[in-house]
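I wanted a quick look at the sheet in this one and at what packs around it. Notes as I went.

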Amino acid sequence: MKVVIVEDKKEINNKINKLTNRILIEKNYDSDVISFLGYNEELKKILYSPERKIYILDIILNDYSGHDIAREIREKAKDWDSIIIISSAHNLKETLISERLSIFTYLLKEKNFEEELKETIESALSILELKGVLTPNKEYKLIHDDILYVKKEKNSKYCNIHTLKDIIRVRKSLKSIQQELKLKKIKKYLLVNEKNINFLKEEEIIFKNEEVLKLN
């Protein structure tokens with residue numbers, strides 16, 4: 001399952017990306033978040049891929065609007081299962097409803113935008129979970145203070161989150177995990193939670209639970 005963001009304003013795009021990644025990590029969903037500043041060939045391939053997706057589309061883009069993308073998803077790609085969320089600084093809700101494109105919800109970019117977006121993404125995830133599209137690993141509940149360090153797997157899209165009790169394998173970039181969990185990067189492949197460090201040496205880290213991590 002993918003969450004696809006199309007927003008031409010970089011600052012807003014980054015905010016949506018960070019918020020979505022944080023929710024996915026908190027709920028332990030193994031999903032990709034992909035951002036675009038506009039319509040391109042890479043996005044077009046995703047529109048026609050068979051898996052279900054959550055789309056977060058800005059209604060007004062530089063060339064190809066969110067409305068155009070929604071129409072292509074439904075009418076050309078014949079995808080009526082993916083969830084489409086439309087955002088805009090202007091109230092064009094009635095126009096979209098009249099198009100019968102099965103829009104999940106329409107969000108105005110006002111002061112409560114992030115809060116409403118968070119609730120909307122959580123609702124969309126719940127719907128996909130009920131449909132059997134998503135299966136969160138309910139065995140784990142990721143608590144920030146329990147994290148020791150995060151290490152990227154070599155030649156892989158996965159990272160391993162080492163906690164006080166377990167190791168959680170997630171398909172996320174080290175950069176996105178660092179942004180969401182506010183961890184310190186000490187190697188290009190390694191993030192650490194400074195709260196749980198007793199000693200930091202050049203060759204090793206000793207954590208509060210006495211675990212030793214070699215840095216060579």
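Looked up the partner of Lys2 first: Lys2 stands opposite Lys53 in β3. This is a predicted model, by the way. I then checked the two strands themselves, and β1 (residues 2-6) runs parallel to β3 (residues 53-58), paired over five bridges.

Next, the helices on top. I found helix α3 (residues 66-76) packed on the sheet, where it touches β1, β3 and β4 (83-88). The direction of α3 makes about 155° with that of β3. I also looked at α1, which lies across β1, β2 and β3 and runs at about 175° to β2.

Then I traced the whole sheet. It is open, with five parallel strands in the order β2-β1-β3-β4-β5. Why do β2 (32-36) and β5 (105-108) each have one side without a neighbour in the sheet? They stand at the edges with a single partner strand each, so that side stays free. I noted the twist too: it averages 15° from one strand to the next.

Last stop, α6 (residues 174-181). Which residues are buried there? I got Leu174, Ser176, Ile177, Glu180 and Leu181. They cover an arc of only 160° around the axis, which puts them on the same side of α6. I listed what these buried residues pack against: α1 (10-26), β6 (147-152), β7 (159-163), β8 (167-170), β9 (184-187) and β10 (190-192). One more thing I jotted down is that Lys182, which follows α6, has a positive phi, near 55°.

Note on methods
Residues numbered from 1 in each chain as written. Predicted model: local features only at pLDDT ≥ 70, side-chain atom pairs only at ≥ 80, totals over all residues. Heavy atoms only, no water. Buried < 20%, exposed > 50% of the residue type's maximum accessible area, 1.4 Å probe, protein only. Helix = DSSP H or I, 4+ residues; strand = E, 2+ residues; numbered from the N terminus. Arc of directions from axis to C-beta. Contact = heavy atoms within 4.5 Å. Pairing = 2+ DSSP bridges. Axes fitted to C-alpha atoms, helices over the stretch in contact; angles between N-to-C directions.
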